Amino acid sequence: MEEAYVRTPLGMALISGDENGLKAIKVLDTAPSPTLSIPSGLQEAADQLQQYFEGTRKTFDLRLDPDGTEFQHQVWKALLNIPYGKTISYLELSKTLGDVKAIRAVAAANGKNPLWIVIPCHRVIGSDGSLTGYAGGLHRKKWLLNHECPDKQQSLFEL
């Protein structure tokens with residue numbers, strides 16, 4: 001398993017994976033310095049994350065190999081279908097998966113997503129539009145949704 005630490009606007013991210021694909025991308029509150037020489041197997045993921053944060057990438061094209069149950073994989077696959085700049089509710093996600101009553105299990109699987117940003121669990125919100133549950137912290141979820149918002153709010157005042 002190879003690992004690399006890369007700096008992002010939301011904190012240090014740990015990227016890990018092997019020849020089968022990416023296992024995890026996690027944002028950390030505290031971490032060592034960025035990796036000076038990123039392993040070749042992780043370089044594309046680091047590059048695509050940087051492009052995402054620069055605003056030049058809206059979809060990822062990476063080989064994914066996260067560890068999880070069959071149900072978690074179903075949920076994560078459904079998350080990949082949420083377009084950049086859009087959100088859906090946990091209820092809508094449950095309906096997409098064919099079982100409205102599975103909303104709590106869907107939310108739990110969403111929370112176990114090991115591939116931060118690449119599998120866009122931040123695009124799932126409460127039915128009332130509220131920002132609910134995000135393993136990386138609600139402040140990061142809010143930042144990501146604002147980053148992806150097609151209609152950025154302009155300030156009337158200079159900061």
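## Exercises on the boundary between two domains

The count between domain 1 and domain 2 is one salt bridge, and the exercises below work through this boundary in what is a predicted model.

**Exercise 1.** Find which side chains meet in a salt bridge, and state the N to O distance.

*Solution.* Begin with the bounds, which place residues 2-54 in domain 1 and residues 70-148 in domain 2. The side chains that meet are those of Asp29 and Arg140, with 2.8 Å from N to O. This distance can then be set against the cut-off, which asks for a Lys or Arg side-chain nitrogen within 4 Å of a carboxyl oxygen of Asp or Glu. As a last step, turn to the polar contacts, for which six residue pairs are counted between domain 1 and domain 2, both residues being at pLDDT 80 or more.

**Exercise 2.** Determine which elements give two or more residues to the side of domain 1 that touches domain 2, and describe that side by class.

*Solution.* The elements to look for are strand 3 (21-28) and helix 1 (40-54). Strand 3 supplies the largest share of this side, namely seven residues. Sorting the side by class then gives 11 nonpolar residues, one polar residue and three charged residues.

**Exercise 3.** Work out how many residues are in contact across the boundary, and how much area the domains bury.

*Solution.* First, 15 residues of domain 1 are in contact with 13 residues of domain 2. Next, the two domains bury about 1200 Å² between them, and 70% of that area lies on carbon and sulfur atoms. Finally, within domain 1, the residues that lose the most area to domain 2 are Leu10, Ile25 and Tyr52, which together account for 52% of what that side buries.

Technical notes: Residues numbered from 1 in each chain as written. Heavy atoms only, no water. Domains from an automatic or database assignment. Contact = heavy atoms within 4.5 Å. Buried area = accessible area lost by both parts, 1.4 Å probe. Polar contact = N/O pair within 3.5 Å; in protein donor to acceptor, adjacent residues only side chain to side chain. Helix = DSSP H or I, 4+ residues; strand = E, 2+ residues; numbered from the N terminus. Nonpolar A, V, L, I, M, F, W, Y, C, P; charged D, E, K, R; others polar.
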